[in-house]
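Please open the model in a viewer and keep the sequence panel beside it. The tour below proceeds by selection, one stop at a time.

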Amino acid sequence: KMLFLDTVVLNGIENIDKTDMKVILKLNAREILSVAGFADPNAHLSDAAVPRPADLISQAASSLCKKYGIHIVFYTDGPFDAGCYFAQSDRLIPIMKCFAQLPGPLRSPIGAGDTVAGTTFARLLAGYDDLDAFAFGLSCGAASCLTSENAVFDLDIIPKLPYKPILSSEK
């Protein structure tokens with residue numbers, strides 16, 4: 001069983017019976033800090049201006065996991081590297097963008113986060129490893145930025161947009 005959340009409204013999830021259930025939260029870095037009650041040192045800047053500090057995201061994700069019984073937090077951070085926080089091992093694994101730039105002009109980032117969430121969830125349901133599923137979702141989200149339609153992308157471009165877990169940087 002799995003509960004996949006893509007929301008900043010977590011009130012009430014502590015009351016859900018999560019026995020034998022993997023609970024996953026997908027948010028962007030700014031949302032994680034906000035929901036966890038952490039001050040965002042870059043709140044005055046655009047999400048595309050500067051990445052959120054990974055150590056702060058890790059602390060905020062840990063807080064959310066403890067409070068709400070979440071096992072994994074997937075996060076995006078605009079055009080910057082993403083990451084996975086695993087509560088059981090208390091570690092944050094960065095997911096690095098392994099391409100210099102998108103193979104085409106950026107048309108619209110609207111819907112990219114929903115694309116990441118939906119395609120990651122689909123991969124998890126298909127039995128893929130957590131990191132591989134999220135890396136695939138990130139590539140799909142990046143591809144969706146190349147179209148002017150929200151959350152629409154060309155699957156054929158995905159192999160050109162590999163994301164890679166940075167396992168040597170585990171906390």
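Contact here means heavy atoms within 4.5 Å. The model is predicted: local features need pLDDT of at least 70, side-chain atom pairs count only at pLDDT 80 or more, and totals for chains, interfaces and linings use all residues. Residues are numbered from 1 along each chain as its sequence is written, and side-chain values use heavy atoms, with hydrogens and water left out.

**Stop 1: I110 and A151**

Select I110, in the loop between strand 5 and helix 3; helices (H or I, at least four residues) and strands (E, at least two) are DSSP runs numbered from the N terminus. Which residues does I110 contact, leaving aside its neighbours within four places in sequence? They are N150 and A151. I110 is classed as exposed because its relative accessible area is 54%; the class exposed means over 50%, buried under 20%, and partly exposed in between, with a 1.4 Å probe and protein chains only. For a long-range reference, add A43: the C-alpha atoms of I110 and A43 are 20 Å apart, with the two positions 67 residues apart in sequence.

Move next to A151, in the loop between helix 4 and strand 6 (163-165). Its phi is positive, about 60 degrees, although A151 is not a glycine. With a relative accessible area of 35%, A151 is partly exposed.

**Stop 2: G113 and G118 in helix 3**

From A151, select G113, which is found in helix 3. The C-alpha atoms of these residues are separated by 8.3 Å, although G113 and A151 are 38 residues apart along the chain. Beyond its neighbours within four places in sequence, G113 is in contact with D6 and K26. G113 counts as partly exposed, since its relative accessibility is 29%.

Further along the selection list is G118, also found in helix 3. G118 is partly exposed, at a relative accessible area of 41%. Measure from its C-alpha to that of G137: the model places them 7.5 Å apart, and they are 19 residues apart in sequence.

**Stop 3: helix 3 against helix 4**

Display both helices as cylinders. Two packed helices are described by the angle between their axes and the distance between the axes. At what angle do helix 3 and helix 4 pack? The angle is about 145 degrees, and the axes are 7 Å apart; axes are lines fitted to C-alpha atoms, for helices over the stretch in contact, and angles run from 0 to 180 degrees between N-to-C directions. Helix 3 passes helix 4 in a right-handed crossing, a term used if the near helix is turned clockwise from the far one by less than a right angle, whereas anticlockwise is left-handed.

To colour the contact, select A112, T115, V116, T119, T120, R123 and L124 on helix 3, and D130, A133, F134, F136, G137, L138, C140, G141 and S144 on helix 4. The residues of this contact divide into eight nonpolar, six polar and two charged. In this scheme Ala, Val, Leu, Ile, Met, Phe, Trp, Tyr, Cys and Pro count as nonpolar, Asp, Glu, Lys and Arg as charged, and the others, Gly among them, as polar.

**Stop 4: R123 and its rings**

Show R123 as sticks together with Y128 and F136. The charged end of R123 sits over the ring of Y128, 4.1 Å from its centre. R123 also lies over the face of F136, at 3.6 Å from the ring centre. The criterion is NZ of Lys or CZ of Arg within 6 Å of the ring centre and within 35 degrees of the ring normal.

**Stop 5: the aromatic pairs**

How many aromatic pairs does a search of the whole structure find? It finds two. Select F4 and F121 to see a tilted pair, 5.2 Å centre to centre with 40 degrees between the planes. Rings of Phe, Tyr and Trp (its six-membered ring) pair if their centres lie within 6.5 Å; planes under 30 degrees apart count as stacked, over 60 as edge-to-face and the rest as tilted. This pair links distant parts of the chain, F4 in strand 1 (residues 2-5) and F121 in helix 3 (residues 112-125), 117 residues apart. F4 counts as buried because its relative accessibility is 16%, whereas F121, at 29%, counts as partly exposed.

Finish with F74 and F134, a stacked pair at 4.4 Å centre to centre and 10 degrees between the planes. F74 lies in strand 3 (residues 72-77) and F134 in helix 4 (residues 130-144), 60 residues apart. F74 is buried at 0% relative accessibility, and F134 is buried with a relative accessible area of 0%.
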